[in-house]
Amino acid sequence: MVLHVFNPENDLALADFAPYYIAPASARMMRADLSVLPLWWASDGDVIWTELPEVAERYVHSTCVNVPAVNWWKSGDCPPVAAVEPWGWSPALVRALGDAGCPGNLLPAEEQLHRYRQLSGRAQAVRLLQELREAPILDKLFGNRLCGLSICCATESEVANAVASFPKTILKAPWSGSGKGLRFAYGTYGQPLSGWCRRVLENQKAVVVEPLYEKRFDFAFEFFSDGHSVRYVGLSVFLTTSRGTYGGNWVASETVKEAWLEQYVPRILCLTLRAELEKRIGCLVGGDYKGYLGVDMMLCKMPGTDELVVHPCVEVNLRRTMGLVAVDLAHCLAPGAEGLFYIDYEKEAGRLRDDHLRRLASNPPQVTDGRMVAGYLNLTPVNEHTHYRARLDVTSSPGSLFDKAADF
């Protein structure tokens, strides 16, 4: 029996690294509204932590697809479980679980948390990118099919020199929430950028600077570490907004997604890159981490050519990811179906409920043997108080669904 916790504020909590960290109101709201999300990767008998167990139970009874028989935990004494699998680990979550009576042997020790924070910092992605670009097999066979440069700067002068080296750059704080902690520069270093950099350097001791590539597509390789070795578990193909924030994920079989990627990237390069990442991430995390993680990548268009090349390491997410959710959601689809997975937000209460009712009326779920054939499926409860919703839009028309959404 596993206890699942959806704590999307994890990156922020890990950056703060305080046991009594309080997340922003929007992050707390997201956690509450989407607390049921682990239902889509849990197993029969597992426990999910939610502050609204009655709402969760009503949702399970109303959903039209096959879901596991889980238990809900709100507060009080921690239920007897064999393991805890949160979205990600932070001192704040360890303190909260410990206060609830969760056995200490199921929680990472303080030194492990320090290691998780180190491994989660963008400086690790800088090093992993350099290792991949210099790996003999990748450089010799596929050097002209790869791109990517990342500079970890410790001073303002280093930042200014890196910014001046490229026409367009993206600057990143070492620790921040997904799609947050980013700034753009266009060859010059001045206010307000310099003020932001000074604050990041003071608080986090580094700023990562990267040239801005002409990106066409985002994708990721998702992995699992068992504490001894790392294995590949699936391909994530996702959408981002112009500001770099998460937009949604393509949900399809691995065969369909891999065939799409191989239109642009030779299969042998994909397999070689996967093997190199399994080996190098295994050496990086060693026995320090057990759980899921993802490596974000890009397909980029290089100047003067129409050929797409691979940026093999944009981010390393040492936690569960929305891409992994999409990999798990593929099991909910009928053969031949595919979908798009979104996280929606509405500031005004009631608007998501109205949208939910409109979608149910215009595009109701079509289900065969407990699996989605087509239509709209809310993956989390929606009511008059909901501000965040996870949803899946499914079609039985094969191909092109992701390409139609790629201009998100």
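# Notebook: surface, cores and salt bridges

**Entry 1. A nonpolar patch.** I began at the surface, where F184, Y186 and L212 make a nonpolar patch of about 300 Å². I note at the outset that the model is a predicted one. I then located Y186, which sits in the loop between β7 (182-185) and α9 (193-204). Its relative accessibility is 55%, and because the limit for exposed is over 50%, I recorded Y186 as exposed.

**Entry 2. K168, beside the patch residues.** Next I looked up K168, found in the loop between α8 (156-164) and β6 (169-172). Which residues does K168 contact, leaving aside its neighbours within four places in sequence? I listed A185, Y186, E210, P211 and L212. Two of these names, Y186 and L212, had already appeared in the patch. K168 has a relative accessibility of 46% and therefore counts as partly exposed. I also took a distance from K168 to T255: the two are 87 residues apart in sequence, and their C-alpha atoms are 36 Å apart in space.

**Entry 3. G104.** I turned to the loop between α4 (91-99) and α5 (110-120), where G104 lies. Is G104 buried or exposed? With a relative accessible area of 55%, G104 is exposed. From G104 to R122 I counted 18 residues in sequence, and the C-alpha to C-alpha distance is 29 Å.

**Entry 4. T63.** I found T63 in another loop, the one between α3 (53-62) and β3 (71-73). Here the relative accessible area is 14%, and since buried means under 20%, I entered T63 as buried. Leaving aside neighbours within four places in sequence, T63 is in contact with W40 and L377.

**Entry 5. The nonpolar cores.** I then asked how many residues the largest nonpolar core has. The count is 60, and L3, L97, F221 and L277 have the most contacts inside this core. Helix α11 (residues 267-285) supplies the largest share of the core, with six residues. Apart from this core lies another, of 35 residues, including M322, A326, L379 and Y388. I returned to L3 to list its contacts beyond four places in sequence: V47, W49, W73, C78, V81, A83, V84, E85 and L97. L97 is thus both a contact of L3 and one of the residues with the most contacts in the largest core.

**Entry 6. Strand β17.** Y388, named in the second core, led me to strand β17, which spans residues 388-395. How many of its eight residues are buried? I found eight of the eight buried. In a regular strand, side chains alternate between the two faces of the sheet. I therefore sorted β17 by side: Y388, A390, L392 and V394 lie on one, R389, R391, D393 and T395 on the other, and both faces are covered.

I next looked for the partners of β17. Strand β14 (residues 338-345) is joined to β17 by eight bridges, and the two run antiparallel. In this pairing Y342 stands opposite R391. Strand β16 (residues 371-378) is also antiparallel to β17, with four bridges between them. There, Y376 stands opposite D393.

**Entry 7. Salt bridges.** I recorded a count of 26 salt bridges for the model. I looked up three of them individually.

- R31 and E9 meet through their side chains at 2.7 Å, N to O. The pair links distant parts of the chain, 22 residues apart: R31 is in helix α2 (residues 25-33), whereas E9 is in the loop between β1 (2-5) and α1 (10-16). R31 is partly exposed at 22% relative accessibility, while E9 is buried at 11%.
- R320 and D328 form a salt bridge in which the closest N and O atoms are 3.4 Å apart. I noted both R320 and D328 as buried.
- R391 and D393 meet in a salt bridge of 2.3 Å, N to O. R391 is buried, with a relative accessible area of 8%, and D393 is buried at 17%. Salt bridges with shared partners join these two to D344, D355, R358, R359 and R389 in one network.

**Entry 8. Closing note.** I ended on β17 once more: R389, R391 and D393 lie on one side of this strand, and the salt-bridge network includes these residues.

Note on methods
Residues numbered from 1 in each chain as written. Predicted model: local features only at pLDDT ≥ 70, side-chain atom pairs only at ≥ 80, totals over all residues. Heavy atoms only, no water. Buried < 20%, exposed > 50% of the residue type's maximum accessible area, 1.4 Å probe, protein only. Contact = heavy atoms within 4.5 Å. Pairing = 2+ DSSP bridges. Patch = residues over 30% accessible without salt bridge, like charges linked within 9 Å, V, L, I, M, F, W, Y side chains within 5 Å. Areas by Shrake-Rupley, 256 points an atom, 1.4 Å probe, with all protein chains shown as cover. Salt bridge = Lys/Arg side-chain N within 4 Å of Asp/Glu carboxyl O. Core = buried A, V, L, I, M, F, W, Y, C linked by side-chain atoms within 4.5 Å.
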